[in-house]
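Trainee: Could you walk me through one part of this structure up close? I'd like the local picture first and then how the whole chain looks around it.

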Amino acid sequence: MDTAQASAVTTKTVTFRIWRQDDPNKPGHFDEFKVPYTKGANVISCLMEIQRNPVTVEGKRVPPVIWDAACLEEVCGSCAMNINGRVRMACSALIDKLEQPITLEPMSKFPVVRDLSVDRERMFNALKRVKGWIPVDGTHNLGPGPRQSPKDQSVMYVLSTCITCGSCLEACPQVTIDNDFMGAAAISQARLFNMHPTGKMQSEERVRSLMGPGGIQDCGKAQNCVKVCPKEIPLTTSIAVMNREVTKLMIKDIFFKEEEQKSHGGPG
């Protein structure tokens, strides 16, 4: 590489338009930054470069950009954000594959904490609602667990890779910042734990948790969730499976109610 080529490489830059917002109650705005181009860089590494020198293209020094990140290998789910208008993981979004200027915005279906950082509490509340865990006392050694078929194991493993990133909620037209629809992630986790040999003991309770306000009936079947899931979880299949389970339970409730009314001499 000659001197001219080396100079061209070192002077090449990447432009970012980044949403800035001090807190949820204050208006936000965009700041524009330029960072040196590095082949193979991802969005997170560029944010780190901006953090080291938070000076806008106008030459104004501003507070460092705030964002969430932890694992940097698409496992923790914390760095999900809107990149050029599409929700994705910032750690696996390569700048070589993005149009410039690269626009970074926080997910719109969650309250903003600051800049690109959001509060995902609604997702964890949804997991509490569907009891997304196996209620086993770990105090004592209970011995080996029940055997599972390889077929069930293969399905459950894929469902278990959910990283609670919030991408499915961000892409869902039925989810808004001020409604209580639980979204695809929690519905899929209800399916996962209902397939577990021990978790099946609470299966009816989980199915009932999908009924009522904010439950599975609020799903509009847009199928956006499965398109943006970074782990390629079959979310629409999970929704269909759990929708069937809800329907079966509703029919069961109707017949049991009729039987109860008959036994008490009521209508029917």
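Mentor: Here's a look at helix 6, followed by the chain that holds it.

Quick ground rules: this is a predicted model, where local features need pLDDT of at least 70, side-chain atom pairs count only at pLDDT 80 or more, and totals for chains, interfaces and linings use all residues. Residues are numbered from 1 along each chain as its sequence is written, and side-chain values use heavy atoms, with hydrogens and water left out.

Helix 6 covers residues 184–195; helices here are DSSP runs of H or I, at least four residues, and strands are runs of E, at least two, numbered from the N terminus. With twelve residues at 1.5 Å each, helix 6 should span 16 Å, and its end C-alpha atoms sit 17 Å apart, which agrees. That expected span is 1.5 Å times one less than the number of residues.

Twelve of the twelve residues are buried, so helix 6 is largely enclosed by the rest of the structure. Buried means under 20% relative accessible area (1.4 Å probe, protein chains only). Among the buried ones are Arg191, Gln189 and Asn194, along with Leu192, Phe193 and Met195.

Now zoom out: 38% of the 268 residues in the protein chain count as buried. The protein chain has nine helices and seven strands in total. Its C-alpha trace spans about 90 × 45 × 35 Å along the principal axes. The radius of gyration, taken over C-alpha atoms, is 24 Å, while a compact globule of 268 residues would come in near 18 Å; that globule rule is 2.2 Å times the number of residues to the power 0.38.

Notes
Buried < 20%, exposed > 50% of the residue type's maximum accessible area, 1.4 Å probe, protein only.
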